[in-house]
Amino acid sequence: MKFGSGKFRIWLFALVIFVSLLVFAAVAGRFLIVDAPQRSDVIVVLAGETDKRPALGLQLLRQGYAPRMVLNVPAAATIYDTNQLELARQYVEKLPENSAISLCAIRGLSTRDEARDVKRCLAGDVGQSILVVTSDFHTRRALSIFRHEFRGKTISIAAARDPAEFGERWWTHRQWAKICLDEWLRMIWWKGIEDWSGTF
């Protein structure tokens, strides 16, 4: 009787764990995405995904979400033989809104380092609110990091979507699954180590 009772508890525990994992898997992709832009003093477009993030930043700028935009560009990156900063300058110069757009040379390799580079580029002229633009799967972590680095400021975020890279039903595509796993590992590291310890 005792054996049967213990065995039942083991099976019940295993069932609870299994169901919990299924629920987590079902919402894991959706949880990563936060898409809630608010009108702000400045739009900051994070480096990367140059075919999606800057386009969304421009759209928000044109819609009046902020009077100016900062476009982050890796300082040392090159495309073939051309420095990416130079390419970004050429891109911005052709835009009718070029006077409202500035470039920020990013030297850090992590999102937290990028947030600190943004602080340097804004040189204290942040205003009270920042609207961050990044890839959809990166939004929740980026929002947490910018709120950590810009304490006292209102930080909101907009999600640039690219179905070729990521979707909420991550288990249906290999690329989506890789992105989901990688982002969750980064999220766990950020929340469990860096944000928690405050020493990194």
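Let me start with a bond. The link of Cys-104 and Cys-121 is right-handed, with 85 degrees about the S-S bond. The two sulfur atoms sit 2.1 Å apart, and the pair forms a disulfide. A disulfide is a covalent bond between the sulfur atoms of two cysteines. One word of caution before I go on: this is a predicted model.

Where are the two ends of that link? They lie in distant parts of the chain, 17 residues apart. Cys-104 belongs to strand 5, residues 101-106, and Cys-121 belongs to helix 4. Are the two cysteines buried or exposed? Cys-104 counts as buried, because its relative accessibility is 0%. Cys-121 is partly exposed, because its relative accessible area is 30%. The structure holds one disulfide. Another cysteine, Cys-180, is buried as well, with a relative accessible area of 3%.

Now the overall layout. The protein has six helices and seven strands. From the N terminus, the order of elements is α-β-α-β-β-β-α-β-α-β-α-β-α. There are 200 residues, and 41% of them count as buried. What about contacts? Take those with a separation of 6 or more: 73% come from residues 24 or more positions apart. The accessible surface is about 11,700 Å². Carbon and sulfur atoms account for 60% of that surface.

Next, the pockets. The largest pocket has a volume of about 570 Å³. It is lined by 25 residues. Which ones are closest to the centre? They are Leu-109, Thr-111, His-138, Arg-141 and Arg-186. Three elements give two or more residues to this lining: helix 4 (111-122), helix 5 (139-149) and helix 6 (174-197). Helix 6 gives the most, with seven residues. By type, the lining divides into nine nonpolar, five polar and 11 charged residues.

The second largest pocket has a volume of about 210 Å³. Its lining has 14 residues. Nearest its centre are Thr-50, Pro-54, Gln-84, Ala-88 and Tyr-91. Strand 2 (69-74) and helix 3 (84-93) each supply at least two lining residues. Helix 3 gives the most here, with four. How does this lining divide by type? There are 10 nonpolar residues, four polar and no charged. Set that beside the largest pocket, with its 11 charged residues.

Back to helix 5 for a moment. Why call it largely enclosed by the rest of the structure? Because nine of its 11 residues are buried. Among the buried ones are Thr-139, Ala-142, Leu-143, Ile-145 and Phe-146. Arg-141 is on that list of buried residues too. You met Arg-141 a minute ago, as one of the residues closest to the centre of the largest pocket.

On to the cavity. How many cavities of 30 Å³ or more does a search of the whole structure find? One. About 30 Å³ of space lies in the largest cavity. Its lining includes Glu-49, Lys-52, Ser-135, Asp-136 and Phe-137. Also in the lining are Ala-160, Arg-161, Asp-162, Glu-165 and Phe-166. By type, that gives three nonpolar residues, one polar and six charged.

Two of those lining residues lead somewhere else. Start with Phe-137. Phe-137 and Gly-167 are 30 residues apart in sequence, yet their C-alpha atoms are 8.2 Å apart in space. Gly-167 lies in the loop between strand 7 (154-160) and helix 6. With a relative accessible area of 10%, Gly-167 is buried.

Then Glu-49. This residue has a positive phi of about 45 degrees, although it is not a glycine. Glu-49 lies in the loop between strand 1 (42-45) and helix 2 (53-62). Its relative accessible area is 25%, so Glu-49 is partly exposed.

One more residue has a positive phi without being a glycine: Tyr-80, at about 55 degrees. Where is Tyr-80? In the loop between strand 3 (78-79) and strand 4 (82-83). Tyr-80 is exposed, because its relative accessible area is 81%.

To close, look again at three places. Find the disulfide of Cys-104 and Cys-121. Find the largest pocket, where helix 6 gives the most to the lining. Then find Tyr-80, exposed in its relative accessible area of 81%. Thank you.

How values were computed: Residues are numbered from 1 along each chain as its sequence is written. This is a predicted model: local features need pLDDT of at least 70, side-chain atom pairs count only at pLDDT 80 or more; totals for chains, interfaces and linings use all residues. Side-chain values use heavy atoms; hydrogens and water are left out. On a 1 Å grid over the protein atoms alone, a cavity is a set of points where a 1.4 Å probe fits but cannot get out, and a pocket is an open set with protein on both sides within 12 Å along at least five of seven lines; lining residues have an atom within 4 Å of a point. Grid points are joined across faces, edges and corners, and a volume is the space filled by probe spheres set on the points. Ala, Val, Leu, Ile, Met, Phe, Trp, Tyr, Cys and Pro count as nonpolar, Asp, Glu, Lys and Arg as charged, and the others, Gly among them, as polar. A disulfide is a pair of cysteine sulfur atoms within 2.5 Å. Buried means under 20% relative accessible area, exposed over 50%, partly exposed in between (1.4 Å probe, protein chains only). Contact means heavy atoms within 4.5 Å. Accessible areas come from the Shrake-Rupley method with a 1.4 Å probe; for residues, only the protein chains shown count as cover.
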